[in-house]
Amino acid sequence: VTVVAPNATASDALATTACILGKERGAMLVESRPGTAACIFWEEGGTLRERWTRGFARRLVAGAATSVR
């Protein structure tokens, strides 16, 4: 789970809680909090799946990914 929130403490707490609650309830929790969004990953039948909550896509910055050298 990746959570974007107003501060690191909120991000960490929401990501941990979303992991415990599972993908559906975790997404509902994140969406209920103002200023937060999440990308939730899980494995299903040997395939990696993902779900983005509302607002996650607009938080992505084009070209922000960097490679490790």
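Helix H2 has an outward side: the face turned away from its buried side carries Arg25 and Met28, both exposed. In this predicted model, the buried residues of H2 are Gly26, Ala27 and Val30. They span an arc of only 100° around the axis, so they end up on the same side of H2. What does that side pack against? The buried residues of H2 meet E1, H1, E2 and E3. The helix itself, residues 23-32, lies across the three strands E1, E2 and E3, and runs at about 175° to E2.

Stepping back to the whole chain, there are three helices and three strands, laid out from the N terminus as β-α-α-β-β-α. Of the 69 residues in the chain, 25% are buried. The exposed surface comes to about 5,000 Å², with carbon and sulfur atoms supplying 55% of it. As for contacts with a separation of 6 or more, 32% of them join residues 24 or more positions apart.

The strands come together as an open sheet in the order E1-E2-E3, with antiparallel pairing. Strand E1 (2-4) and strand E3 (47-52) sit at the edges with a single partner strand each, so one side of each has no neighbour in the sheet. From one strand to the next, the twist averages 15°. In general, the strands of a sheet pair through backbone hydrogen bonds, and the pairing can be parallel or antiparallel.

Now for the individual pairings. E1 and E2 are joined in the antiparallel sense over three bridges, and here Val4 stands opposite Ala37 in E2. Strand E2 (residues 37-44) also pairs with E3, again in the antiparallel sense, over six bridges. On that side, Phe41 has Glu50 of E3 as its bridge partner, while Glu44 stands opposite Thr47 in E3. E2 and E3 make a hairpin with two residues between them. In the turn, Gly45 has a positive phi of about 60°.

What about the nonpolar interior? The largest nonpolar core has eight residues in all: Val3, Ala5, Leu14, Ala15, Ala27, Val30, Ala38 and Ile40. Helix H1 (8-21), H2 and E2 are the elements that give two or more residues to this core. Two of the buried residues of H2 described above, Ala27 and Val30, are thus also found in the core list.

Ile40, one of the core residues, has contacts spread along the chain. Leaving aside neighbours within four places in sequence, Ile40 is in contact with Val1, with Lys23, Gly26 and Ala27, and with Arg49, Glu50 and Arg51.

Which residues does Cys39 touch, not counting those up to four places away in sequence? The list is Val1, Thr2, Glu50, Arg51, Trp52 and Phe56. Cys39 is found in strand E2 and counts as buried because its relative accessibility is 3%, below the 20% cut-off. Cys39 and Ala57 lie 18 residues apart in sequence, with 9.2 Å between their C-alpha atoms. As a general point, side chains in a regular strand alternate between the two faces of the sheet.

Conventions. Residues are numbered from 1 along each chain as its sequence is written. This is a predicted model: local features need pLDDT of at least 70, side-chain atom pairs count only at pLDDT 80 or more; totals for chains, interfaces and linings use all residues. Side-chain values use heavy atoms; hydrogens and water are left out. Two strands pair if DSSP finds at least two bridges between them. Helices (H or I, at least four residues) and strands (E, at least two) are DSSP runs, numbered from the N terminus. Axes are lines fitted to C-alpha atoms, for helices over the stretch in contact, and angles run from 0 to 180 degrees between N-to-C directions. Contact means heavy atoms within 4.5 Å. A nonpolar core is a set of buried Ala, Val, Leu, Ile, Met, Phe, Trp, Tyr and Cys residues joined through side-chain atoms within 4.5 Å. Buried means under 20% relative accessible area, exposed over 50%, partly exposed in between (1.4 Å probe, protein chains only). Accessible areas come from the Shrake-Rupley method with a 1.4 Å probe; for residues, only the protein chains shown count as cover. The arc is that of the directions from the helix axis to the C-beta atoms.
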